[in-house]
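Work through the exercises below with the structure open. Try each task before you read its solution.

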Amino acid sequence: MRLYKKEGNTLQILSFPDDEVEKGDYLLVEDANVNRKLITQVIDVQFASVPGLLEELLRDSTTEEQIYGENFDPLGVSSHINHIQDARMLICKIRGTMLNDRLRVNSSWLPSRSKSGITKIPFNSLLAHLGGNEGLPINIGETKDDSPLNITAHDLDGRLNIITGKKGTGKSHLSKLLVLGLVDYKATVVVLDLNGEYTGLGLSAKGGGNEYSDRVHVLTPGANFRVSLSKMDLGVMLKILVHALALPGTSTREFKHIWKSLTQQGKFTLQDLGDAIRKCACNMHVRDALFSRYYSLVNSGFFTDDEESATGFEKLFEKTKKDGGALVINLKDVSAVDRQIVLEYTLGNLVKLLGQWKIKSVFLFAEEAHLYLRETYWEDIVTRMRHFGLFTNFVTNQPDTIKENIYRQADSIFLFNFTNERDLETVSKAARVDAETVKSLAQELPPHHCLLIGNAVKDFPVMVKVRALDIKTMGQTRLFFA
Amino acid sequence: MKIQHPSTIKTIPLEHNLDEKPVVAVDVSSIKIGETEAGMLCAIRGAIVWKEKNRYKYQRIGPFPFHITEQNKKEIHKLFRNNNLEIAEEGRTPNIANIQARMGNLLERWLQLGISCQAYGTIILWDGSMTAGMADSPVDEMSRLLEVARNRLSTVLAFSKSTTLRFSGHKLTDYAGKAEPPCLLHINGFPLDSGPVLLLGNVYVAKLTPGVCSFRLDIDRKIPRERGIEAVQSLLGSDLLIQSYPETLRLAHIYSTFTATEVIGIQRFIAQQYGLKIVTRPNVRRLLFGPFGKGAEGYQ
């Protein structure tokens, strides 16, 4: 391999097929004279622009039916000519420099074109140079050179991460892997499971229980996840009414009076709330508005007057306090309005408990969050809630549903295959990597391979084959021709 | 400017002879690969193309790279002369700059001889003319090539892509401007020799298809004129002709010619196998004249 050209932070390296370099590989450009090394990543492999190649191809393009023949080449020169024809140009991005084995982000130095040696560098040996936090490893899978790739639980702690890629590429699988990886280290994880995909986390592929059985708690709203008004905080209830059920301001004020009056009377059943609204001496329109919201609450099936069967939110977290665990909120078959009610309740209570330091930090995994998270929550989650100890991981196949500012604040992005230019354009807005890298590498990722970008890989993007998990696969599409 | 046909130029109209005959063409290319401290690197390659029943078959011979130095140039020249052709030794070996073309021509004669000996009842196409009497085309050897072909009932047709021959002040091929194709123009009284140089063929201008192109065509002088014309008519019926040029010969040219990629490949071969380092000499013309030196570079 020979250094050919440098433009900005893009390096062009001439290579030949026997160099066996592919997209995503890291190359070390070493200038022994100055004891400096340049770390670059191949983001595209192109044919080298060799003069006369078109003539060569035209000459050889005639079909065997019309023209055939043989070459008498006793010296074997043609193998050298073929070698030139197959010459490649590696388009590389400079990721950093190494001076006396110490890594620097500075890339202003230019190695010698004639004297530099270029070698492939395994990602793990690159990581070894990078150093960093060695504890709490989570094995993600294997890199292109078949060596295991670990990130650490610290890389998810206090961070905002995005898992994205087109349908069927393995986003949810990786998300499950991260969830279980965190649970291994006794972390508490809340999963907002839109399609019931995470309900099998505690089951092995064969169907029996697995090592996580006791630590995965599936909560199905209306079934084993119901709440009573007596344990409901007014603030949380107002969030449900205003954000999930769009209660207007005047009606909200009236509801506050009703709630306070019921609190004073110690009455807290659905029946009591309904009676109170009926007896309320307020404007007819306000009463109608309150009634319609009241019936929405009743019909959601999420609320119960049976204190025995009601779920205490704080108690839920006691289950995960000692050994960690995953609370999977199964939103499958839950209507859009009811989903929002559940979400407002869950997030409202989470923030409340975190704010009161009653529970340890929580990792939140939200699948297709745009379907249930209201606009204002996005920024709330990535800015305010993070400080309370709610660390979010968004999982989506529609990257444009996540706002640009969220990409800019993302610490790590787990990017699966996208072929659509627009989707890639959106993801490339992430501040942690250049757009060219994202577009070029992600377009050719095979299924179950992802490109890790950002903090988890110390800003050295790496392609990884996500490892398999022994869990029961849920959420498969129900087929007609099955 | 209109060119008047002198009365000595005779137009011979041609007809397609549908009795298909085998056609074979030979061409050789040589190219300078670079310079070393000691001399010059060049390569030669030959191509033979056969046209048989709507299919073309080719054989490429080479490429053969050579490192020619003052020390070995005589030996290389001798190797070509003695091994292939019975060409008498000259007083002096050509200089390094000319030896590349000389080697190409000698390989071409060798391939032509091989084809003449092997083919029977075939139309043999040469690239160039039947001019003899030069260092790489001695009269005896050229005559032998034609004689062998003649004895095996083959006819040699030599097409020149460009000619320096002029008649009455005009370039020979300019006389074909208004001729109705397919036809041959024959120039009566065209001088057959000039000093040591001898024309072994009858010189025609061939305009075989409509279009702007016409070529000088040499046909073996020792075969009856009618047989020569018949051979051209057989070529019309046996080969594809585009812009008056036979496809078989065009392919021979294409398969022998070196592309830039091949030159780089040969440079790599030489460097790897023999450790020869190509030196880049400063371009004096560019140094002196900058962009104004470009025009002349093309002629180098």
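**Exercise 1. Place B:Trp126 in its strand and state whether B:Trp126 is buried or exposed.**

Step 1. B:Trp126 sits in strand 5 of chain B. Strands (E, at least two residues) and helices (H or I, at least four) are DSSP runs, numbered from the N terminus.

Step 2. The relative accessibility of B:Trp126 is 0%, so B:Trp126 counts as buried. Buried means under 20% relative accessible area, exposed over 50%, partly exposed in between (1.4 Å probe, protein chains only).

Step 3. This is a predicted model: local features need pLDDT of at least 70, side-chain atom pairs count only at pLDDT 80 or more, and totals for chains, interfaces and linings use all residues. Residues are numbered from 1 along each chain as its sequence is written, chains are lettered from A and ligands numbered from 1 in the order in which they are written, and side-chain values use heavy atoms, leaving out hydrogens and water.

**Exercise 2. Find what surrounds B:Trp126.**

Step 1. Set aside residues up to four places away in sequence; B:Trp126 then touches, among others, B:Val26, B:Arg109, B:Met142, B:Leu145 and B:Leu249. Contact means heavy atoms within 4.5 Å.

Step 2. Look across to strand 7 of chain B: B:Ala158 stands opposite B:Trp126.

Step 3. Strand 5 (residues 123–127) and strand 7 (residues 155–160) of chain B pair in the parallel sense over five bridges. Two strands pair if DSSP finds at least two bridges between them.

Step 4. Helix 3 (residues 139–151) of chain B lies across strands 5, 7 and 14 (215–220) of chain B. Helix 3 of chain B runs at about 155 degrees to strand 5 of chain B. Axes are lines fitted to C-alpha atoms, for helices over the stretch in contact, and angles run from 0 to 180 degrees between N-to-C directions.

**Exercise 3. Trace the sheet and name its edge strands.**

Step 1. The order is 5(A)-4(B)-3(B)-2(B)-5(B)-7(B)-14(B)-13(B)-10(B)-1(B). These 10 strands form an open sheet with mixed pairing.

Step 2. Strand 5 (67–72) of chain A and strand 1 (9–13) of chain B are the edges, each pairing on one side only.

Step 3. The twist averages 25 degrees from one strand to the next.

**Exercise 4. How do helix 6 and helix 8 of chain A pack?**

Step 1. Helix 6 (residues 249–265) and helix 8 (residues 284–300) of chain A have axes 9 Å apart, at an angle of about 75 degrees.

Step 2. Helix 6 and helix 8 of chain A are therefore roughly perpendicular (65 to 115 degrees; under 35 is roughly parallel, over 145 roughly antiparallel, the rest oblique).

Step 3. Residues of helix 6 of chain A, including A:Phe255 and A:Ile258, meet A:Val286, A:Ala289 and A:Leu290 in helix 8 of chain A.
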